[in-house]
Amino acid sequence: MRRIVFRLLKVCLIIQVWSLVRRFDQPQKYKPFVSKCTMLGDLNIGSVREVNVKSGLPATTSTERLERLDEKEHILGVKIVGGDHRLKNYSSILTVHPEVNEGRSGTLVIESFVVDIPDGNTKDDTCYFVKSLINCNLKSLSDISERMAVQDQCEPLT
C-alpha cells in the first residue's frame, strides 16, 4: 500500500476539508479531472457512481463504489469497479485529521491506495501516475478548502 500525505496548514479547518471529501456523489467539487458524476442508487455504503473524466487523461469513465464513509473518524474508502482505464483493483482510503503546526490549526489529509500493475507498465510508472493524480486532487482540495475557510463556508452535510 502506498501512502500520500498532504498538509493543509494555512487556514483550513477539518470541517471545510471534510465537507468536500465526504461528498462521494460530487467528487468534481475538488477533483479537477472529473467533469461529471452520476450516482446509481442512494448515497450509502455499497453505492456506485459513474464518473466522467475530462480529456487529457487516458480514460473517459470510471465506475466507483463507496466502501467506507465514517463521519466521526473522517474516513472515506472508494474502490474502482469498472471503467475504460488501466487502474484495475484500485482502492483508496482517505483520512482527514486536525493538526496544529507552530500554533496554527490546520488539516492533515492522508490518502493510501493499492492497485494492480497493468501489463506493459512497471510498478514505478503506475505509482507515479496514481501519485500524480492524487497530488493534483489534494492540491485542488487545499486551494478550495482555503478559499472556503477565508469565506467561512463549508459544503452542506446533506
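## A walk through the predicted model

Leaving out anything within four places in sequence, Asn121 makes contact with Arg86 and Thr126. That's a handy place to start, because this is a predicted model and a single residue gives us a thread to pull on. Asn121 sits in the loop between strand S7 (104-114) and H2. Its contact partner Arg86 is 35 residues away in sequence, yet the two C-alpha atoms are 9.8 Å apart in space. Is Asn121 buried, exposed or something in between? With a relative accessible area of 28%, Asn121 is partly exposed, since that class covers values between the 20% limit for buried and the 50% limit for exposed.

Let's step back to the whole chain. The protein chain has two helices and seven strands, and read from the N terminus the order is β-α-β-β-β-β-β-β-α. Of its 158 residues, 44% are buried. Take the contacts between residues at least 6 apart in sequence, and 50% of them join residues at least 24 apart.

How far can you trust all this? The chain has a mean pLDDT of 86, with 88% of residues at 70 or more. The spread across elements is worth a look: strand S1 (residues 2-8) has the lowest confidence, at a mean of 53, while strand S4 (residues 61-70) has the highest, at 97. Where pLDDT is low, predicted coordinates shouldn't be read in detail. So go easy on S1, given its mean of 53.

Moving along from there, you meet helix H1 (residues 14-21). Seven of its eight residues are buried, so the rest of the structure largely encloses this helix. The buried ones are Ile14, Gln16, Val17, Trp18, Ser19, Leu20 and Val21.

Next come the strands around S4. Strand S3 (residues 48-53) pairs with S4 in the antiparallel sense, over five bridges. To find the register, look for Asn52, which stands opposite Thr61 in S4. S4 also pairs with strand S5 (residues 75-83), again antiparallel, this time over eight bridges. Here the marker is Ser62, standing opposite Gly83 in S5.

What links S4 to S5? The two strands form a hairpin with four residues between them. One residue of that turn deserves a closer look: His74, found in the loop between S4 and S5, has a positive phi near 60° although it isn't a glycine. His74 counts as buried because its relative accessible area is 19%, and the cut-off is under 20%.

Carry on into the loop between S5 and S6 and you'll find Asn89. Asn89 is another non-glycine residue with a positive phi, near 55°. Asn89 is partly exposed, at 44% relative accessibility.

Past that loop, strand S6 spans residues 91-101, and Ile93 lies within it. What does Ile93 touch, once residues up to four places away in sequence are set aside? The list is Ile75, Leu76, Gly77, Ile110, Glu111 and Ser112. You can place several of these on the strands: S5 covers residues 75-83, and S7 runs 104-114. Ile93 and Ile75 are 18 residues apart in sequence, with their C-alpha atoms 6.9 Å apart. Even with those contacts, Ile93 is partly exposed, because its relative accessibility is 33%.

That leaves the largest pocket, which holds about 760 Å³ of space. Which elements give two or more residues to its lining? They are S3, S4, S5, S6 and helix H2 (123-150). H2 supplies the largest share, seven residues. In total, 36 residues line the pocket, and those nearest its centre are Glu64, Ile80, Leu87, Phe129 and Leu133. Check the numbering and you can put some of them on elements: Glu64 falls within the 61-70 range of S4, Ile80 within the 75-83 range of S5, and Phe129 and Leu133 within the 123-150 range of H2. By class, the lining comprises 22 nonpolar, seven polar and seven charged residues. Glu64 is one of the charged ones.

Methods
Residues numbered from 1 in each chain as written. Predicted model: local features only at pLDDT ≥ 70, side-chain atom pairs only at ≥ 80, totals over all residues. Heavy atoms only, no water. Buried < 20%, exposed > 50% of the residue type's maximum accessible area, 1.4 Å probe, protein only. Contact = heavy atoms within 4.5 Å. pLDDT = per-residue confidence, 0-100. Pairing = 2+ DSSP bridges. 1 Å grid on protein atoms, 1.4 Å probe; cavity = no way out; pocket = protein on both sides within 12 Å on 5 of 7 lines; lining within 4 Å. Points joined across faces, edges and corners; volume = space filled by probe spheres on them.
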